[in-house]
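Subject: Structure handover

Hello,

Here is the structure for your files. My notes on it follow below.

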Amino acid sequence: MKAELVAEYLSHLRLKTGLTYESVAEKSNRSVSTVKKLCNGQTEDPRVDTVAPVVYALGGSMDEMLNPGKNKNEIKEVSVSSLKELYEFQLTTMKETNEEHISNIRSHYEQHHEDLKENFERRLADKREINESYKEQIKDLKRANLIKGWIIAGLAAIFVVLFIMEILHPEHGWLRY
């Protein structure tokens, strides 16, 4: 497609409609710089999939642009077919974009799921380690309490023996009355 032909047709349509580059860019879902380059003939080899949305945003026809000498009936028939092609192209593009988005979302979900799973397993391992530490501390406390109990029992036994000896042999005992 010739850049001069595209630029001439787009400039004519823009003057006719009075639309700004920004409004054409918004309607055609193209960048402002792309629209400006197309309208000014700065794009060396403009592609149909780039030009067509801009042409339709300006209310023009690809067939009218490419075949300015055709009669109106022929242009309408061809315009419908080119619109159909454009819509099919846009639909295909949208499907591919949506499939790509779905794929990205799925991979992000899977990564997030794996991260959560790893985090859960790490926290579970930490809790198990803490539980084992508590179990060891409880065992140590039980041992300490057992030893204390034996010491207290031993001291009590010694005092009982001394008290019995005191009762049986008051003359040798420690208590004097």
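Leaving aside neighbours within four places in sequence, which residues is Val-35 in contact with? Please keep in mind that this is a predicted model. With those neighbours left out, the contacts of Val-35 are Tyr-21, Val-24, Ala-25, Ser-28, Arg-30 and Val-54.

Nonpolar core

Val-35 is also among the residues with the most contacts inside the largest nonpolar core, which has 20 residues. The others named for this are Leu-10, Val-51, Val-54, Val-55, Met-62 and Met-65. Five elements give two or more residues to this core: α1 (3-17), α2 (21-28), α3 (32-40), α4 (48-57) and α5 (62-66). The largest share comes from α4, with six residues.

The burial of α4 is worth a separate entry. Eight of its ten residues are buried, so α4 is largely enclosed by the rest of the structure. The buried residues are Asp-49, Val-51, Ala-52, Pro-53, Val-54, Val-55, Tyr-56 and Ala-57. Just after α4 comes Gly-59, with a positive phi of about 85°.

Start of α1

Ala-3 lies in helix α1. Its relative accessibility is 8%, so Ala-3 counts as buried. Not counting residues up to four places away in sequence, Ala-3 touches Gly-41, Thr-43, Glu-44 and Pro-46. Ala-3 and Cys-39 are 36 residues apart along the chain, and their C-alpha atoms are separated by 8.9 Å.

Rings

What does a search of the whole structure find in the way of aromatic pairs? The number of aromatic pairs it finds is zero. There is, however, a charge placed over a ring: the charged end of Arg-14 sits over the ring of Tyr-21, 3.9 Å from the ring centre. Tyr-21 is also one of the contacts of Val-35 listed above.

Salt bridges

The count of salt bridges comes to four. Among them are the following, each with its setting in helix α6 (residues 72-168).

- Lys-135 and Glu-132: the closest N and O atoms are 3.8 Å apart. The two residues are three apart in helix α6, so about one helical turn separates them. Lys-135 counts as partly exposed because its relative accessibility is 47%, and Glu-132 counts as partly exposed because its value is 45%.

- Lys-139 and Glu-136: the side chains meet in a salt bridge of 4.0 Å, N to O. Being three residues apart in helix α6, Lys-139 and Glu-136 are also separated by about one helical turn. Lys-139, with a relative accessibility of 45%, counts as partly exposed. Glu-136, at 41%, counts as partly exposed.

- Arg-143 and Asp-140: the side chains form a salt bridge at 2.8 Å, N to O. Both residues lie in helix α6, three residues apart, which is about one turn of the helix. Arg-143 is partly exposed, with a relative accessible area of 46%, and Asp-140 is partly exposed at 43%.

Where do Arg-143 and Asp-140 lie? They are both in helix α6, whereas the elements giving two or more residues to the largest nonpolar core are α1, α2, α3, α4 and α5.

Regards

Key
Residues numbered from 1 in each chain as written. Predicted model: local features only at pLDDT ≥ 70, side-chain atom pairs only at ≥ 80, totals over all residues. Heavy atoms only, no water. Phe/Tyr/Trp six-rings, centres within 6.5 Å; stacked < 30°, edge-to-face > 60°. Lys NZ or Arg CZ within 6 Å of the ring centre and 35° of its normal. Core = buried A, V, L, I, M, F, W, Y, C linked by side-chain atoms within 4.5 Å. Buried < 20%, exposed > 50% of the residue type's maximum accessible area, 1.4 Å probe, protein only. Helix = DSSP H or I, 4+ residues; strand = E, 2+ residues; numbered from the N terminus. Contact = heavy atoms within 4.5 Å.
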